[in-house]
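Student: Please take one side-chain contact and look at it closely, then follow its surroundings outward. I would like the cut-offs stated as you go.

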Amino acid sequence: MMKEVRVGMADYKVCTSPAVLSTLGLGSCLGVALYDQGSDMCGLAHVMLPDSTRMNSEVNRCKFADTCLLDMKKELIGKGADPSRPVSYTHLRAHETLANL
């Protein structure tokens, strides 16, 4: 049985196959998946806003696409993804799944 890893709002998770990443309630938020084929590692972010230029240091970095994706990429690399390999990515909106794309 595959392990399901849930990603909450303003959060991201990283896992390797055969685990499955999922998120609920995207609404006006954006889901962004990064995948490194060589390590079979994937990350999924559930972000609320496009950029953090006006945030203060006390705000959750995962609310913003620019800071959340940077943090997720660093974690993927830290866990074995190769930064020299091209990374596949996709974005999801409400009512979409990776199977729909």
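Tutor: The side chain of Ser22 makes a polar contact with the side chain of Arg6 at 3.2 Å, a polar contact being a pair of N or O atoms within 3.5 Å, of which one must be able to donate a hydrogen and the other to accept it, with residues adjacent in sequence counted only if both atoms are side-chain atoms. This is a predicted model, in which local features need pLDDT of at least 70 and side-chain atom pairs pLDDT 80 or more, while totals for chains, interfaces and linings use all residues. Residues are numbered from 1 along each chain as its sequence is written, and side-chain values use heavy atoms, without hydrogens or water.

Ser22 lies in strand β3, residues 20-23, where strands (E, at least two residues) and helices (H or I, at least four) are DSSP runs numbered from the N terminus. Ser22 counts as buried because its relative accessibility is 16%, whereas Arg6, at 49%, is partly exposed; buried means under 20% relative accessible area, exposed over 50%, and partly exposed in between, with a 1.4 Å probe and protein chains only. Arg6 also forms a salt bridge with Glu4, the closest N and O atoms being 3.0 Å apart, by the criterion of a Lys or Arg side-chain nitrogen within 4 Å of an Asp or Glu carboxyl oxygen. Glu4 is likewise partly exposed, at 45%.

Beyond its neighbours within four places in sequence, Ser22 is in contact with Glu4, Val5, Arg6, Val7 and Leu44, contact meaning heavy atoms within 4.5 Å. Both partners of that salt bridge are therefore among the contacts of Ser22, and the list also leads to Leu44, which belongs to strand β5, residues 41-47. With a relative accessible area of 6%, Leu44 is buried. Outside its own stretch of sequence, the contacts of Leu44 include Val7, Tyr12, Leu21, Ser22, Val32 and Met72. Leu44 and Val20 are 24 residues apart in sequence, and their C-alpha atoms are 10.0 Å apart.

Met72 carries the path from Leu44 into helix α1, where Met72 is one of the buried residues, together with Ala65, Thr67, Cys68, Asp71 and Leu76. These buried residues of α1 pack against β2 (11-16), β4 (30-36) and β5. The helix itself, residues 65-78, has 14 residues and reaches 20 Å from first C-alpha to last, close to the 20 Å expected at 1.5 Å a residue, a span reckoned as 1.5 Å times one less than the number of residues. Another residue of the helix region, Glu75, is partly exposed at 25% and forms a salt bridge with Lys79, with the closest N and O atoms 3.0 Å apart. Just after α1, Gly80 takes a positive phi of about 120°.

Further along, Asp82 and Arg85 meet in a salt bridge at 3.9 Å, and Asp36 joins these two residues in a network of salt bridges. In total the structure holds 6 salt bridges. As for the wider setting, the protein has 1 helix and 6 strands, running β-β-β-β-β-α-β from the N terminus. Buried residues make up 34% of its 101 residues, and of the contacts between residues at least 6 apart in sequence, 49% join residues at least 24 apart.
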